[in-house]
Amino acid sequence: MSTLNRREFLAFTGTSLIGLTLGGITDKASAQEKLELDNPGAKALQYVHKSAVEGAMCSNCSYIQGEDGQQWLPCALFPGKAVNSQGWCAAFNKKAG
Ligand code: SF4
């Protein structure tokens, strides 16, 4: 079993700290608050986390943003909030294509 000398140990811990710091910043930048059902805008548009309308859900709405495949995604109608990809609201507008 090898042992780390002081220089190797400092290089290792420094790299680890940089990685942890950058990871934390990235997580905070990408994190968005989930849209709550009692949000006034959500209530006005009857938003639900699980659509009851066949073939209509946030993941295939033209207002959805972000990358496909994520459970919670930004919506152009609710800035700073994330909606459930399985959700729905009265402003649903089917994506073209
Ligand atoms: Fe979902 Fe409504 Fe936003 Fe469309 S407009 S993505 S249905 S919350």
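**Figure 1. Asparagine 84 in strand 3.** Asparagine 84 lies in strand 3, and in this predicted model asparagine 84 counts as buried, its relative accessibility being 7%. The side chain of asparagine 84 reaches the backbone nitrogen of glutamine 86 at a distance of 2.8 Å. When neighbours within four places in sequence are left aside, the contacts of asparagine 84 are Tyr47, His49, Cys58, Gln71 and Trp72. Of these contacts, Tyr47 and Cys58 also appear in the list of residues that make up the largest nonpolar core.

**Figure 2. Strand 3 and its two faces.** Strand 3 spans residues 81-84, and both of its faces are covered, with Lys81 and Val83 buried on one side and Ala82 and Asn84 buried on the other. In a regular strand, side chains alternate between the two faces of the sheet. For asparagine 84 the label "buried" follows because its relative accessibility of 7% falls under the 20% limit.

**Figure 3. The three-stranded sheet.** The sheet is open and is formed by 3 strands in the order 1-3-2, with mixed pairing. Strand 1 (33-34) and strand 2 are the edge strands, each of them pairing on one side only. The pairing of strand 1 with strand 3 is parallel and extends over 2 bridges, whereas strand 2 and strand 3 run antiparallel and are joined by 3 bridges. Alanine 82 of strand 3 is the bridge partner of lysine 34, and alanine 82 is also the bridge partner of proline 74. In the hairpin of strand 2 and strand 3, where 6 residues stand between the strands, glycine 80 takes a positive phi near 80°.

**Figure 4. Serine 51 in the loop between helix 2 and strand 2.** Serine 51 has its place in the loop that connects helix 2 (40-44) with strand 2 (72-74). Although it sits in a loop, serine 51 is buried, with a relative accessible area of 16%. A polar atom of the side chain of serine 51 lies 3.0 Å from the backbone nitrogen of valine 53. Not counting residues up to four places away in sequence, serine 51 touches Ala56, Met57, Gln86, Gly87 and Trp88.

**Figure 5. Glutamine 46, an exposed residue of that loop.** Glutamine 46 is likewise found in the loop between helix 2 and strand 2, but glutamine 46 is exposed, with a relative accessible area of 51%. The phi angle of glutamine 46 is near 55°, which is a positive value in a residue other than glycine. With residues up to four places away in sequence not counted, glutamine 46 touches Trp88 and Cys89. The C-alpha atoms of glutamine 46 and tryptophan 88 are separated by 8.1 Å, while the two residues are 42 residues apart along the chain. Tryptophan 88 is thus a contact of glutamine 46, and tryptophan 88 is also touched by serine 51.

**Figure 6. The largest nonpolar core and its cysteines.** The largest nonpolar core has 11 residues in all, namely Leu35, Ala42, Tyr47, Cys58, Ile64, Leu73, Cys75, Phe78, Val83, Cys89 and Ala91. Within this group, alanine 42 touches Leu35, Tyr47 and Phe78, among other residues that include Glu36 and Leu37, when residues up to four places away in sequence are not counted. Cysteine 58 counts as buried at 10% relative accessibility, and cysteine 89 counts as buried at 9% relative accessibility. A disulfide is a covalent bond between the sulfur atoms of two cysteines. The structure holds 0 disulfides, although Cys58, Cys75 and Cys89 are among the residues of this core.

**Figure 7. The whole chain, for orientation.** The protein has 2 helices and 3 strands, and from the N terminus on its elements run α-β-α-β-β. Of the 97 residues of the protein, 22% count as buried. The accessible surface comes to about 7200 Å², and 58% of this surface belongs to carbon and sulfur atoms. Among the contacts with a separation of 6 or more, 63% are accounted for by residues 24 or more positions apart.

Conventions
Residues are numbered from 1 along each chain as its sequence is written. This is a predicted model: local features need pLDDT of at least 70, side-chain atom pairs count only at pLDDT 80 or more; totals for chains, interfaces and linings use all residues. Side-chain values use heavy atoms; hydrogens and water are left out. Helices (H or I, at least four residues) and strands (E, at least two) are DSSP runs, numbered from the N terminus. Buried means under 20% relative accessible area, exposed over 50%, partly exposed in between (1.4 Å probe, protein chains only). A polar contact is a pair of N or O atoms within 3.5 Å; within protein, one must be able to donate a hydrogen and the other to accept it, and residues adjacent in sequence count only if both atoms are side-chain atoms. Contact means heavy atoms within 4.5 Å. A disulfide is a pair of cysteine sulfur atoms within 2.5 Å. A nonpolar core is a set of buried Ala, Val, Leu, Ile, Met, Phe, Trp, Tyr and Cys residues joined through side-chain atoms within 4.5 Å. Two strands pair if DSSP finds at least two bridges between them. Accessible areas come from the Shrake-Rupley method with a 1.4 Å probe; for residues, only the protein chains shown count as cover.
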